[in-house]
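Trainee: I would like to learn how the words used for a protein model are justified, one value at a time. Could we go through it with the model in view?

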Amino acid sequence: MITPIIENTTSIEEISDWIELSLHFNESDTISKEEVLRTIEDTNEELDGDDNDAESYLDGFLLDIWNELRRRNALYENLMYDIRDNSITKIHESTEPHIMLLLLSLYGANQVGNGTKLFEYLSAEALKKYLSGEVYVLGWPVEGLSEDENNTKLGSMIKDICSKANERYIESPPARYNDRGVDVIGWKPFHDCRSGQIIYLMQCAAGKRGFFEKKAIPLGSWEEYAHWANKTNTAFSVPKIVKDNELWHDKTKELGIIFDRVRIIKLISHNDIDNELLNDIIKWNSNRLKEVCE
């Protein structure tokens with residue numbers, strides 16, 4: 001069995017992610033509390049199960065992890081796991097997009113392949129499905145182009161989006177602002193070649209800490225690049241599952257509608273992804289796993 005490493009044995013969220021990921025590789029489709037406990041003890045030598053204080057701490061810690069996984073399973077509509085007091089069994093095989101989101105959440109994109117770009121395209125597919133509309137991935141910076149060429153390319157992409165969405169292009173962002181915080185633009189057209197429609201500007205954070213570090217999209221600035229006929233909305237995509245309900249509320253108010261792992265997985269399936277993107281995800285997963293497995 002391939003065993004991914006645990007980088008932080010004190011984090012309920014990370015160990016819960018680790019259990020989700022490990023279940024994909026467990027030949028019996030089940031992982032027990034005893035296995036999780038043994039892995040934590042082997043990874044963190046300070047937690048000696050023979051010590052009474054450590055044993056009491058670990059019992060409570062495992063209970064918190066199991067409760068977090070029950071909460072997640074409820075968000076998944078109880079379709080992912082069968083959770084018992086001392087074990088967890090997967091009900092369905094994890095999809096490759098699900099595995100990629102778990103890898104990004106646990107270990108980040110690192111330098112393997114194009115994980116950040118793939119996450120942007122996967123997020124775009126989720127936004128497209130949510131809107132039943134159209135999406136455009138800015139994908140800035142474009143690999144192989146110089147800084148000046150990228151700045152010119154971004155202006156061309158905004159002009160192209162405005163043309164496709166029947167909105168009015170004004171000007172390109174100044175070079176110093178890069179992509180101005182937007183990775184994907186989505187809209188729900190009426191197919192009558194007129195402006196005035198639901199429009200979303202989405203930013204994506206594939207890194208481990210991206211959810212906490214991102215700032216709101218400067219909508220006022222984007223109104224200088226395109227004259228949207230209707231008020232624009234914002235969205236934020238992250239591979240994690242947010243535990244704190246208050247944090248979820250605050251970040252939604254700040255960043256817009258959140259597309260986290262639960263929502264992305266519930267929105268898309270293998271059938272919603274073109275073969276090229278799916279094959280790229282499969283390849284990236286394989287390479288990233290080689291780096292993070294013992």
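Trainee: Why is Asn73 called buried?

Mentor: This is a predicted model, and in it Asn73 has a relative accessible area of 4%. Buried means under 20%, so Asn73, at 4%, counts as buried. This residue lies in helix 3, which covers residues 52-75.

Trainee: What does the side chain of Asn73 reach, and which residues is Asn73 in contact with, leaving aside its neighbours within four places in sequence?

Mentor: The side chain of Asn73 comes to 2.7 Å from the backbone oxygen of Tyr81. With those sequence neighbours left aside, the contacts of Asn73 are Asn78, Leu79, Met80, Tyr81 and Ile83.

Trainee: Ile83 is on that list, so I would like to know which residue stands opposite Ile83 in strand 3.

Mentor: Ile83 has Ile88 opposite to it in strand 3. Strand 2 and strand 3 (residues 87-90) are joined by 3 bridges and run antiparallel. Two strands pair if there are at least two bridges between them, and the 3 bridges here satisfy that condition.

Trainee: What is the order of the strands in this open sheet, and what makes a strand an edge strand?

Mentor: The sheet has 3 strands in the order 1-3-2, paired in antiparallel fashion. Strand 1 (30-32) and strand 2 (81-83) are its edge strands, since each of them pairs on one side only. On average, and ignoring direction, neighbouring strands of this sheet are turned by 15° against each other. Across strand 1, strand 2 and strand 3 lies helix 1 (residues 12-25), which runs at about 135° to strand 1.

Trainee: How do you know that the buried residues of helix 2 line one face of the helix?

Mentor: In helix 2 (residues 33-43), the buried residues are Lys33, Val36, Thr39 and Ile40. When one looks down the axis of helix 2, these buried residues fall within an arc of 130°, and therefore they line one face of the helix. Glu34 and Asp42 are exposed on the other side of helix 2. It helps to recall that an α-helix has 3.6 residues a turn, so residues three or four places apart point the same way.

Trainee: Turning to the 5 strands that form the other open sheet, in what order do they stand, and why is one side of strand 4 left without a neighbour?

Mentor: The order is 4-6-7-9-10, and the pairing is mixed. Strand 4 (134-137) and strand 10 (257-259) are at the edges with a single partner strand each, so one side of each has no neighbour in the sheet. The average turn between neighbouring strands of this sheet, direction ignored, is 25°. Strand 4 runs antiparallel to strand 6 (residues 184-188), and 4 bridges join the two; Glu134, for example, has Trp187 in strand 6 as its bridge partner.

Trainee: Which strands does helix 5 lie across, and which does helix 9 touch?

Mentor: Helix 5 (residues 115-131) lies across strand 4, strand 6, strand 7 (198-204), strand 9 (233-237) and strand 10, and runs at about 155° to strand 7. Helix 9 (residues 245-255) packs on the sheet and touches strand 7, strand 9 and strand 10, with its direction at about 115° to that of strand 10.

Trainee: Why is Lys208 called partly exposed?

Mentor: Exposed requires over 50% and buried under 20%, so Lys208, with a relative accessible area of 25%, is partly exposed. Lys208 has its place in the loop between strand 7 and helix 7 (210-213). Although Lys208 and Leu106 are 102 residues apart along the chain, their C-alpha atoms are separated by 6.7 Å.

Trainee: Is Arg288 buried or exposed, and what makes its link to Glu291 a polar contact?

Mentor: Arg288, found in helix 11 (residues 275-292), has a relative accessible area of 3% and is therefore buried. Its side chain makes a polar contact with the side chain of Glu291 at 2.7 Å, and the cut-off for such a contact is within 3.5 Å.

Trainee: How do Cys162 and Cys193 compare with the cut-offs, and how many disulfides are found?

Mentor: Cys162, at 2% relative accessibility, counts as buried, whereas Cys193, with a relative accessible area of 66%, is exposed. A search of the whole structure finds 0 disulfides, and a disulfide would need a pair of cysteine sulfur atoms within 2.5 Å.

How values were computed:
Residues numbered from 1 in each chain as written. Predicted model: local features only at pLDDT ≥ 70, side-chain atom pairs only at ≥ 80, totals over all residues. Heavy atoms only, no water. Buried < 20%, exposed > 50% of the residue type's maximum accessible area, 1.4 Å probe, protein only. Axes fitted to C-alpha atoms, helices over the stretch in contact; angles between N-to-C directions. Contact = heavy atoms within 4.5 Å. Polar contact = N/O pair within 3.5 Å; in protein donor to acceptor, adjacent residues only side chain to side chain. Arc of directions from axis to C-beta.
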